[in-house]
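Please open the structure in the viewer and keep the sequence alongside. The tour proceeds by selection, and each stop states what is to be found there.

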Amino acid sequence: MAEWHRVASEDEIKEGEAFPVTAAGAAIAVYRLEGALYAIGNICPHQGDVLLSDGFVDGDKIECPMHQSCFEIRTGKVLGPPAQQDVPAYPVKVEDGAVFVRV
């Protein structure tokens, strides 16, 4: 059963930057885009051990630092090879300045 996990304070997550966290054993990156918060899996499915949060944010996309696979931050959808698999997307909520991700 999915549960909400506190992962950060809202002010820790900066616009256009990845904020890596671990919740319920899952590697997740939280992003702020145009003021809204999004969370997706932080491991590139192509290599399996590369953190997407070490990559490059370009608008609403994150590019893997290893082989330049791209993923849509809002949905986790893969946008470019060599990765062919999406990363999970997680619901995010803010309560009293704390950020929670549902895993």
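Is Asp60 buried, partly exposed or exposed? In this predicted model, Asp60 has a relative accessible area of 23% and is partly exposed; the cut-off for a buried residue is under 20%.

Next, select Lys61 together with Asp60. Their side chains form a salt bridge, at 3.3 Å from N to O. Lys61 is likewise partly exposed, with a relative accessibility of 34%.

Extend the selection to Glu34, Glu72 and Arg74, which are linked with Asp60 and Lys61 in a network of salt bridges. Arg74 meets Glu72 in a salt bridge of 3.7 Å, N to O, and Glu34 in another, where the closest N and O atoms are 3.6 Å apart. Because Glu34 lies in the loop between E3 and E4, and Arg74 in the loop between E7 and E8, this latter pair ties together parts that are 40 residues apart in sequence. Glu34 is exposed, at 72% relative accessible area; Arg74 is partly exposed, at 31%; Glu72 is buried, at 12%. In total, the structure contains 6 salt bridges.

Now move to strand E2, residues 18-23. Its side chains alternate: Phe19, Val21 and Ala23 are buried and point to one face, whereas Ala18, Pro20 and Thr22 point to the other and are not buried.

Finally, add strand E3, residues 26-33, which pairs with E2 in the antiparallel sense over 6 bridges. Ala23 has Ala26 of E3 as its bridge partner. The two strands form a hairpin with 2 residues between them, and Ala24 in the turn shows a positive phi of about 50°.

How values were computed. Residues numbered from 1 in each chain as written. Predicted model: local features only at pLDDT ≥ 70, side-chain atom pairs only at ≥ 80, totals over all residues. Heavy atoms only, no water. Buried < 20%, exposed > 50% of the residue type's maximum accessible area, 1.4 Å probe, protein only. Helix = DSSP H or I, 4+ residues; strand = E, 2+ residues; numbered from the N terminus. Pairing = 2+ DSSP bridges. Salt bridge = Lys/Arg side-chain N within 4 Å of Asp/Glu carboxyl O.
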